[in-house]
Amino acid sequence: MSSHSTDWLANCSAGHTYLQLDLSLPYNIVAANTPPVTATKFDYNAKPYPNPWPFPANAVIEGGDPTTSGDHHCLAFDVGNCKLYEVYNILWGSVTTTFTAASGTVWDTTIDDPGNGSGSDAAGLPITPLLIRYDELIGAGAINHALRFACASTEQGHIAPARASASSSAGSGIPADPHDLTYPPMGMRVRLKASYDPTAHSFAAPIVTILKAVQKYGLLLADNGSSGTPMFISASSDTALEGALTGPAYMIKQITIADLEVADTGPVTQD
């Protein structure tokens with residue numbers, strides 16, 4: 001366990017120190033012959049930008065209409081070349097053959113790939129592999145990987161495998177002192193304590209499955225939420241998943257920081 005566990009958990013979502021599910025991140029499965037589109041600008045990526053991108057004109061985007069406020073992630077997995085394409089804050093051009101975005105990364109999932117690009121979340125981690133998905137939670141009844149979460153406040157530092165952190169205090173949720181070491185860094189791995197038995201609390205089966213994954217693989221801190229938000233575990237906005245969790249989703253709020261601990265996974269790099 002990390003020596004910072006108590007401080008980091010207390011400060012990550014002070015006042016709302018419990019888990020909650022966020023079913024807002026859609027992802028797209030695309031075929032190898034999907035017509036490619038071109039990124040003409042990334043606000044935070046260095047040139048040359050990664051290109052092309054297999055985003056169909058009808059791609060499902062977080063938050064729907066990309067002209068409204070929100071993060072507007074567009075996530076796509078190309079089953080033909082086993083590459084993952086993720087961008088943050090996408091905006092289509094005058095026609096859907098070009099787009100701009102705040103940032104984006106292409107991941108080759110056939111290798112241990114650090115990613116080509118600046119990342120589509122604050123931590124620079126891939127999003128799609130860390131989501132709760134219907135095919136695993138309900139279809140297989142098991143989640144065999146870590147999950148991602150966002151919290152209200154972080155410091156300007158990161159722990160591998162995270163590659164970056166929130167870049168400024170303006171609206172990003174980090175403390176007044178961006179290097180206040182009592183606040184958690186991106187990449188912090190939180191796990192359910194080994195002494196906690198998820199099967200002993202009358203939780204619905206999907207919640208038990210989620211908690212077993214949190215206990216075995218942990219939660220990776222990947223982004224900042226809004227001020228005053230709890231610790232939001234990211235899940236797909238898949239209609240079937242939403243239906244399966246409509247009733248039991250509230251139960252996970254019973255898990256508080258008293259039930260959690262931070263694993264010691266390495267040093268913090270200050271950004």
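Which residue in β4 does I29 stand opposite? I29 faces F77 in that strand. The model is predicted, and this pairing is a good place to enter it.

The pair of I29 and F77 belongs to the contact between β2 and β4. These two strands run parallel and share three bridges. They are part of an open sheet of five strands. Its order is β2-β4-β5-β8-β9, and the pairing is mixed.

Follow the sheet from β4 to β5. Here the strands are antiparallel, with five bridges between them. D78 has K83 in β5 as its bridge partner. The two strands form a hairpin with four residues between them. In this hairpin C82 adopts a positive phi near 55 degrees. How much of β4 is buried? Four of its five residues are, so the strand is largely enclosed by the rest of the structure.

Now go to the other end of the order. Strand β8 (residues 103-108) joins β9 through two bridges. This pairing is antiparallel. T105 has G117 in β9 as its bridge partner. The sheet ends at β2 (28-30) and β9 (116-117). Each of these edge strands has a single partner strand, so one side of each is left without a neighbour in the sheet.

A general point helps when reading any of these strands. Side chains in a regular strand alternate between the two faces of the sheet.

Next, the aromatic rings. The whole structure holds eight aromatic pairs. One of them joins F42 and Y49. Why is that pair edge-to-face? The ring planes stand at 85 degrees, and an angle over 60 counts as edge-to-face. The ring centres are 5.4 Å apart. Both F42 and Y49 are buried.

W53 and Y85 make another edge-to-face pair. Their centres lie 5.7 Å apart, and their planes meet at 65 degrees. W53 sits in the loop between β3 (38-42) and β4 (74-78), while Y85 is in strand β5 (residues 83-88). The pair therefore ties together parts that are 32 residues apart in sequence. Are these two residues buried or exposed? W53 is buried, at 0% relative accessibility. Y85 is buried as well, with a relative accessible area of 7%.

The ring pairs also build a cluster. Its members are F42, Y49, W53, F55, Y85, W92 and F99. Through Y85 in β5, this cluster reaches a strand that also pairs with β4.

Another set of strands meets at β13 (residues 219-224). Six of its six residues are buried, so this strand is largely enclosed by the rest of the structure. Strand β10 (residues 147-151) runs parallel to β13 and joins it by five bridges. Within that pairing, F149 stands opposite L221. Strand β12 (residues 189-192) runs antiparallel to β13, with two bridges. There V190 stands opposite L219.

The cysteines come next. How many disulfides does the model contain? The count is zero. A disulfide would need two cysteine sulfur atoms within 2.5 Å. For C74, the nearest cysteine sulfur is that of C82, 19 Å away. C74 is buried, with a relative accessible area of 0%. For C151, the nearest cysteine sulfur belongs to C12, at 4.5 Å. That distance is over the cut-off, so C151 is in no disulfide. C151 is buried too, and its relative accessible area is 0%.

Turn to the empty space. Rolling a probe the size of a water molecule over the atoms shows where such space is left. The second largest pocket holds about 360 Å³. Its lining has 16 residues. Those nearest its centre are W107, D112, D113, P126 and P129. By residue class, the lining divides into 10 nonpolar, two polar and four charged.

A last stop is L21, in strand β1 (residues 19-23). L21 is buried, with a relative accessible area of 10%. From L21 to I143 the separation is 122 residues in sequence. In space, their C-alpha atoms are 15 Å apart.

Note on methods:
Residues numbered from 1 in each chain as written. Predicted model: local features only at pLDDT ≥ 70, side-chain atom pairs only at ≥ 80, totals over all residues. Heavy atoms only, no water. Phe/Tyr/Trp six-rings, centres within 6.5 Å; stacked < 30°, edge-to-face > 60°. Buried < 20%, exposed > 50% of the residue type's maximum accessible area, 1.4 Å probe, protein only. 1 Å grid on protein atoms, 1.4 Å probe; cavity = no way out; pocket = protein on both sides within 12 Å on 5 of 7 lines; lining within 4 Å. Points joined across faces, edges and corners; volume = space filled by probe spheres on them. Nonpolar A, V, L, I, M, F, W, Y, C, P; charged D, E, K, R; others polar. Pairing = 2+ DSSP bridges.
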